[in-house]
Amino acid sequence: MQRYLTLFVLAGLILGVAVGYVLHSQQPAEAWPELAANFKLVTDVFLRLIKMIIAPLVFATLVVGLAGMGDSKTVGRIGAKALGWFVAASLCSLALGLVFANLLQPGANLGVPLPEVGAAVGLKTSALNLKDFITHVFPKNFFEAMAANEILQILVFAVFFGLALGHLHNQAARSLVNTMEEVVHVMLKVTDYVMRFAPIGVFGAVAGIITTQGLGMLVVFGKLLASFYIALAVLWLVLIAA
């Protein structure tokens with residue numbers, strides 16, 4: 001199954017285009033939103049499955065890695081280098097993104113209707129400040145962070161948990177480390193199961209958008225993907241050179 005996943009995703013993409021085109025051309029415009037909502041249900045389920053595996057996978061992987069290091073100096077040195085690379089790569093990717101977004105303009109003439117002025121869009125528009133950001137990074141409840149998929153908070157707790165586990169050298173601690181290693185293997189297997197639904201998720205997403213927008217959206221998406229891969233290739237070249 002894993003070897004043919006890419007082919008299945010491509011098949012789901014083609015089938016989604018075909019089904020969306022048939023519905024767009026054969027059904028009245030009033031029925032398009034309802035039909036697209038049915039496909040959106042499939043896509044939403046797949047995205048929820050993706051979100052489901054992120055938190056436990058990140059937590060278990062970090063805890064096992066940090067517990068295996070043991071030495072806090074080693075962890076600090078590696079962490080500082082990793083943070084430096086992360087910040088540098090993030091700034092580089094943001095700069096390249098701004099350059100290519102202005103040069104290629106993949107969203108120009110998109111033709112998607114915007115919401116009405118004052119309409120609720122579910123976005124948090126309150127001003128972001130440094131105090132709130134720093135406070136938000138540290139969890140007040142680990143299980144709440146897991147439930148909300150707050151990755152930064154999970155990372156902070158995983159660092160403390162992994163370091164503490166690495167400094168304990170009794171049998172109970174070793175058993176817990178072994179258990180966390182097994183959790184990592186289980187979560188990787190769960191990830192494999194979830195990714196098998198990718199062709200269905202792609203089918204639902206493509207069929208829904210083609211049903212409402214027509215085949216013209218393929219040109220827009222093609223331009224967007226081409227711009228993305230060009231920018232990504234340049235980013236890779238810069239990072240490899242660095």
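**A greasy patch, a helix crossing and a salt bridge**

Leu130, Phe133, Ile134, Phe138 and Leu152 make a nonpolar surface patch of about 520 Å². This is a predicted model, where local features need pLDDT of at least 70 and side-chain atom pairs 80 or more, while totals for chains, interfaces and linings use all residues. Numbering runs from 1 along each chain as its sequence is written, and side-chain values use heavy atoms, without hydrogens and water.

Reader: What makes a patch nonpolar?
Author: Its residues have over 30% relative accessible area and no salt bridge, and nonpolar side chains (Val, Leu, Ile, Met, Phe, Trp, Tyr) are joined within 5 Å. Helix H4 (residues 130-137) gives the largest share, three residues, and Phe138 sits in the loop between H4 and helix H5 (142-148).

Reader: Why are H4 and H6 called oblique to each other?
Author: Their axes cross at roughly 55° and come within 8 Å. Under 35 degrees is roughly parallel, over 145 roughly antiparallel, 65 to 115 roughly perpendicular and the rest oblique, so H4 and H6 are oblique.

Reader: How do you know that Lys40 forms a salt bridge with Asp44?
Author: The term needs a side-chain nitrogen of Lys or Arg within 4 Å of a carboxyl oxygen of Asp or Glu. For Lys40 and Asp44, the closest N and O atoms are 2.9 Å apart, so the pair fits the definition. Both lie in helix H2 (residues 32-69), four residues apart.

Conventions
Patches are made of residues with over 30% relative accessible area and no salt bridge: like charges are joined within 9 Å, nonpolar side chains (Val, Leu, Ile, Met, Phe, Trp, Tyr) within 5 Å. Accessible areas come from the Shrake-Rupley method with a 1.4 Å probe; for residues, only the protein chains shown count as cover. Helices (H or I, at least four residues) and strands (E, at least two) are DSSP runs, numbered from the N terminus. Axes are lines fitted to C-alpha atoms, for helices over the stretch in contact, and angles run from 0 to 180 degrees between N-to-C directions.
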